[in-house]
Structures are given as structure tokens and as C-alpha cells.
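Open your viewer and get ready to select a few residues. We will go from one stop to the next, and at each stop you will hear what is there.

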Amino acid sequence: MMGVKQIASLKQVVASAAVIAALFFCPCVARAQETVSRDVWLGSQIFGVEDLEALDRTAKLTSEQREAAQELMRSALPQARALVVQWSRGYSELTMDPTYNDDWESIQPKYADLSKRTLEEAVKLETDVMTNLKSLLTEDQLEGWAGFERHRRRLVLRSEGGRADIDVFGMVRAIKLSEADMAAIAPMLDSYERSLDSMVQEFRPVLRLQGDTPSRWYGEQQVSTPEQQKQYVDLLQRISQLHVRYARQIADALPADKKLALQKQRLFAEEHNSDKYESFRGLPHIRSALAIRSLSAEQKSKIKQLTKDADERMLREMISEKNELDLKILAGGDPDEGSNDEERAKRMRKLKYEAYQSLMTDVVASLNADQKRAYETGIEEPADIERLFARRRYAADRWSLDRDLWDNDAERMPLATADDE
């Protein structure tokens, strides 16, 4: 393994991508680095920018070290993508092979072998990168390596869905805090990270009873005992409670505008399967208005602001409802139980409808006469008529020709991200 003393100059390492790539083939004599690929399938994202940011944060990298670490992680990307192709194409070929006649029992052993080979290569790739990343650090920086390993272990929860796979660090990063605000919540983040890591380490052997990834998706799974099933459910509940407890504490320590931003991130991350927590920007009517080619920059800005105002009108009620869910989770209850309370649902529908009506009235009022016709017909100029007239009915989905005019299906746009569009 290449140690720190063997690196004559980190700048020289950075300058040559060939040298960086060669790190993958250095013999390793130190203890093999811990990997997470057996517990969670990361696909092409075995390493990404979040890992680089985590290593930079925990080990306080120099600019030269950061460049070298970035090149190491980037060098793994083509290999990681090749593994995804190997697995997905291999699976497709197995399912299309007429020899098996849709007999999964015959296919399963070959699928298990495909998954095993893919996983072994993923683990080797991850091990090589982790080993060489560690070799970039000085003795004084090695204490920060433990924090980076905790960051990597948290990825194990990404397989679990629900409210257990929440990334509080990701939420905090998304709201772009100042250095002062970040320093104020740093002790809470550190406590959260360490508490979560102990739970993750308790959780991993329970998860492994379900098999390795990606084998567990279609492979044979061990049958858990009732005690093991209870342990699995209890751990996920405790992890969900930890997320909620610290997310609330951190939000309360932030200025009002950043607290609101974090609450929006929580709605996006924790309740993303609910269409209640989506922006009006996803409505086809708003998309149609913004697509009018003759809109001025001022008009576009106004429509976006009107939509943002409508979102904000709903947001306060949503946050209030989210607080009720938090209390259920912290009390050990099922957050989804009773979520369809008739009176509450009726009130939310009424509020959303009123906000929608007001929004659309204001949007149409912001258009001139020609733009209103374009909004009503989807036609702005003669070339549009020529293009639409030339469409043939033959072999077309009978419901597709005028979809741009009548489609009421909202394009899912989380409330937390609408402002960034």
C-alpha cells in the first residue's frame, strides 16, 4: 500500500490521472478497509461528491489532498457503471432466455451467481478506493477517518425506505447554512452521527439475514425468527425516532428562515410519497403558462413568484400536520395510522383548492391577450398549426394527440425543490 511517506508530492499525484488510476493496483498490506457494498447496492454511486465532502469535513483535507481524493473517487465511476451494466444486462438475458420458460427456480441459481460476481467486484473496487483514500491522510488526520467511516456506514440505511433512510446531513447541506449557523449546530450533528452509527452497527447483522445486495432482491432469503423480525422492526423504529428528534432540535437552533427551509426539506425527504407535499409548479397548467415562448423575463418571474406564494400558503398547514406525525413517531406509534382522518383531509383539500383557484386567476391575469390565446390553445404562431395539423392519427394512441391541452396529471415536483427550478 502506498503510504504518506511514499508520496513525494501530492501536487504531482494530482497532476497525473494515470498515477491516480494506478493506485488501484497497489498491493495492500494494511488491514482491509470496511466496506458497505454487501449491505446496500449503491450502483454507479459507490463513490460520489457527498463522500468527497464528508472526507473533506472529517479529515480537513488540504487542497492538494482534496484534488487527489476527488480523482480517486472519480476514477472508480466508470468501473462502477460497468458493474451496473453487467448486472442489469445479465439479468435481462436470463429472463429472456427461452430455455427457462419463465421458470424462476431454474433461473435463480444463475442469477445468484451473477449477483455474487458483480458484488465481489463492487466490494473489491470499494476496498481499493477506501484503502488508497486513507493513504492520503497524515497521522494527524487519521482521527477524522473514523468520521468518514461513520458517513459510509450510514449508507446502509438507504435500502430500508420509509422514514429510516433519512439523511439529516443531506438536509442541512441543502439549506446552505452560514459558517456561524453551521458551527452552532455542529455539536448536535456530531451527537446525531455517533448515536446513529451505534444503531447502524447493531442493525447490519440483522439486515444481513436477508442476504447480500443485489442478491436479496430476487435471491433466496433466510427465514427470520419472530425474535429477529421484532429486532428488525424495533431498530428501524428507534432509527426513525432518532432522525426526528435531532431534525427538530437542529431546526429549533436555526434562524427563522433557515428553520423553515429545513422543515421544507423534511417534508420532501420524509413524506415524499405523499402528493400533499408537492409544489403547484408541477401542475400542467403552470407548466403550460411557463412554456409560452413570448413571455418576458418579468412575466416568467412573476408566475414563479405567484406559484411560490401559493406554495407558502399551504406550507404552514403542512408543517403543522408534520409536527403531529413527529409526535406520533417519538411516542412509538405508527405515523401513518389515522393519517386519513376525514376532517383533516377535508380541510386540506379545501385549502389546496382555494389556493389553486387564486393562483390560476392571478397567472392568467399576468398574460396579455395573445398569450392568453396561446395558453388556451397551445398555439402561438402559424408554424404551430402546421406542426399540429401534420400529425397523423394512424398508429397513434387515441388519447395522446391533445394531451398537452387536457392532461391533468401533475408532474411530481417536491415542495422543497420548486424554488431551485
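Start with F148, which counts as buried at 0% relative accessibility (buried means under 20% relative accessible area, exposed over 50%, partly exposed in between, with a 1.4 Å probe and protein chains only). Before you go on: this is a predicted model, where local features need pLDDT of at least 70, side-chain atom pairs count only at pLDDT 80 or more, and totals for chains, interfaces and linings use all residues. Residues are numbered from 1 along each chain as its sequence is written, and side-chain values use heavy atoms, with hydrogens and water left out.

Now add W145, which is buried too, at 2% relative accessibility. W145 and F148 are 3 residues apart in helix α6 (residues 142-154), so about one helical turn separates them. Helices here are DSSP runs (H or I, at least four residues), as are strands (E, at least two), numbered from the N terminus. The ring centres of W145 and F148 lie 5.2 Å apart with the planes at 50°, so this pair is tilted. Rings of Phe, Tyr and Trp (its six-membered ring) pair if their centres lie within 6.5 Å; planes under 30 degrees apart count as stacked, over 60 as edge-to-face and the rest as tilted. By this rule there are 7 aromatic pairs.

Next, select W87 and Y111. Their ring centres are 6.4 Å apart and the planes meet at 70°, so this pair is edge-to-face. W87 belongs to helix α4 (residues 63-96) and Y111 to helix α5 (residues 104-135), so the pair links distant parts of the chain, 24 residues apart. W87 is buried at 13%, and Y111 is buried at 0%. Add Y91 as well: ring pairs link W87, Y91 and Y111 into a cluster.

For the core, pick I185, F203 and I250. Of the 34 residues in the largest nonpolar core, these three touch the most other members (such a core is a set of buried Ala, Val, Leu, Ile, Met, Phe, Trp, Tyr and Cys residues joined through side-chain atoms within 4.5 Å). Helix α8 (179-208) is among the elements that give two or more residues to this core, and α8 supplies the largest share, 10 residues.

Last stop: R287, in helix α12 (residues 284-290). Is R287 buried or partly exposed? At 30% relative accessibility, R287 counts as partly exposed. Its C-alpha is 9.5 Å from that of A410, although the two positions lie 123 residues apart in sequence numbering.
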